[in-house]
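Grab a coffee and work through a few short exercises on this protein. Try each one yourself before you read the solution.

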Amino acid sequence: MTETSPPRQDDDPEPLPPIAPEPEACCGSGCDPCIFDFYSEELQEYRLKHAQWLLRQSEKTGTKLI
């Protein structure tokens with residue numbers, strides 16, 4: 001029989017935001033998609049994942065979110 005340990009806090013790490021590209025990373029030739037389009041999509045995904053993470057943390061601690 002295998003014994004399972006209780007979940008640890010680091011089993012649900014806080015999501016990290018994407019790294020913003022430097023302004024000069026864009027070549028300015030009108031690429032579709034542009035590097036900033038990719039960043040925008042990654043930022044939206046991060047915000048959703050971070051909001052979900054915050055909700056899970058508040059449920060674990062019983063803390064209300066504003």
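**Exercise 1.** What percentage of the 66 residues of the protein count as buried?

Solution. Keep in mind that we're working with a predicted model. Buried means under 20% relative accessible area. With that cut-off, 17% of the 66 residues count as buried. As for the outside, the accessible surface comes to about 6,000 Å², and carbon and sulfur atoms hold 57% of that.

**Exercise 2.** How many helices and strands are there in the protein?

Solution. Go through the secondary structure: you'll find 1 helix and 0 strands. The helix, α1, covers residues 35-61. Now look at the contacts with a separation of 6 or more: 53% of them link residues 24 or more positions apart.

**Exercise 3.** Is His50 buried or exposed?

Solution. Start by locating His50, which sits in helix α1. Next, check its relative accessibility, which is 16%. The cut-off for buried is under 20%, so His50 counts as buried. Last, see what it touches: once neighbours within four places in sequence are set aside, His50 is in contact with Glu14 and Pro15.

**Exercise 4.** Which residues form a nonpolar patch on the surface with Leu54?

Solution. First place Leu54: it belongs to helix α1. Its relative accessible area is 35%. Patch members need over 30%, so Leu54 at 35% passes that cut-off while counting as partly exposed. Its partners in the patch are Leu55 and Leu65, and together the three leucines offer about 260 Å² of accessible area.

Conventions
Residues are numbered from 1 along each chain as its sequence is written. This is a predicted model: local features need pLDDT of at least 70, side-chain atom pairs count only at pLDDT 80 or more; totals for chains, interfaces and linings use all residues. Side-chain values use heavy atoms; hydrogens and water are left out. Patches are made of residues with over 30% relative accessible area and no salt bridge: like charges are joined within 9 Å, nonpolar side chains (Val, Leu, Ile, Met, Phe, Trp, Tyr) within 5 Å. Accessible areas come from the Shrake-Rupley method with a 1.4 Å probe; for residues, only the protein chains shown count as cover. A salt bridge is a side-chain nitrogen of Lys or Arg within 4 Å of a carboxyl oxygen of Asp or Glu. Helices (H or I, at least four residues) and strands (E, at least two) are DSSP runs, numbered from the N terminus. Buried means under 20% relative accessible area, exposed over 50%, partly exposed in between (1.4 Å probe, protein chains only). Contact means heavy atoms within 4.5 Å.
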